[in-house]
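Here is a friendly walk through one protein model, written for someone who would rather be at the bench. Please keep the structure open while you read.

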Amino acid sequence: MSRPAAADGSPASASPERGTPPLVRPVGDRGLLVELPTAGRTEALHAELLRRRAAGTLPPVSEIVPGATTVLLDGLPSAQAARRLAAELPGWDVPPLSGGAENAVEIPVRYDGPDLADVAALWGVSEDEVARIHAATTFRVAFCGFAPGFGYLTGLEERYHVPRRSDPRTRVPAGAVGLAGPYTGVYPRSSPGGWQLIGTAPGTVLWDPDRTPAALLAPGTRVRFVPLGDGGTDGDGGAEDDGGVKGDGGADGDGTAGASGAPRTPNPKERP
């Protein structure tokens, strides 16, 4: 079996420790698309790219945009710089992600979602235990998309991954906290959706065009959910809520996003 080739046509090297090396494809003259075999390795590479950029050891790049199993680097200084990075990147020693919760964004949540009982049954625990497990998890924004401000958060153990609903809702309210597959997400605005809804994040503004940055969550951001008591208030700073959960059917949105959280390239596999 031949090895994946780097963007300059040279074969990428592999080692047992790293497993299958990333496949690096050119995107125009000054961009690269890095394809990885797993979501975990994608997040680790994204974190390594951010570390190297902060340390000044990465060539200047306009955007670093993660997806589910890809990372796009756009706006490298020259075609030569792009070819050089494409040849070097498959040989990088990328450490696994650390699990720290330093500087995490805290999102207050009421665990009152209409699918909480279903998720509890899938997990084999009580509804209160779903809330405890979810709130005890430190999440990381793997990538953004679907709608401005929507972050795909990873962190739950594999045994807590749940399928999407078989009957997507035509309307999910802004602030709904949902689960699907390995992801947790908070709907930034009222929209159709098929995720399992376990709670509500009242008063959390995920996208505000008058704020800098407009998106509360960006790829790489750590996130913790903080349970609200029965007396928790909705606040008045949240995105407009068109009402409660409605009906079933309805198409979901799609798209992955740039670092700003704005929609970028459609990705139907990961639709909320």
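The report below covers a sheet, a pair of helices and two loop residues.

This is a predicted model, in which local features need pLDDT of at least 70, side-chain atom pairs count only at pLDDT 80 or more, and totals for chains, interfaces and linings use all residues. Residues are numbered from 1 along each chain as its sequence is written, and side-chain values use heavy atoms, leaving out hydrogens and water.

**The sheet**

Let's begin with the strands. Helices (H or I, at least four residues) and strands (E, at least two) are DSSP runs numbered from the N terminus, and two strands pair if DSSP finds at least two bridges between them. Four strands make an open, antiparallel sheet in the order β1-β2-β4-β3. Because β1 (23-27) and β3 (63-66) are at the edges with a single partner strand each, one side of each has no neighbour in the sheet. From one strand to the next, the twist averages 15°. Inside the sheet, β2 (residues 31-35) and β4 (residues 70-74) run antiparallel and are joined by four bridges. Across this pairing, L33 faces L72 in β4.

**Helices α3 and α4**

Helix α4 (residues 127-135) has V130, A131, I133, H134 and A135 buried (under 20% relative accessible area with a 1.4 Å probe, protein chains only; exposed is over 50%, partly exposed in between). These buried residues pack against several elements, including α3 (116-123), β6 (139-144) and β13 (222-227).

How do the axes of α3 and α4 cross? They come within 8 Å and cross at roughly 85°, where axes are lines fitted to C-alpha atoms over the stretch in contact and angles run from 0 to 180 degrees between N-to-C directions. The two helices are therefore roughly perpendicular (65 to 115 degrees). On the α3 side, L116, A117, V119, A120 and W123 make the contact (heavy atoms within 4.5 Å), and on the α4 side E127, V130 and I133 do.

**Two buried loop residues**

The table sets out T221 and V61; its contacts leave out residues up to four places away in sequence.

| Residue | Loop | Relative accessibility | Touches |
|---|---|---|---|
| T221 | between β12 and β13 | 17% | V105, F139, R140 and V141 |
| V61 | between α1 (39-55) and β3 | 11% | R53, L73, D74, G75 and L76 |

The side chain of T221 also reaches the backbone oxygen of A218 at 2.8 Å. As for V61, its C-alpha atom is separated by 4.6 Å from that of L76, 15 residues apart along the chain.

How values were computed. Parallel < 35°, antiparallel > 145°, perpendicular 65-115°, else oblique. Polar contact = N/O pair within 3.5 Å; in protein donor to acceptor, adjacent residues only side chain to side chain.
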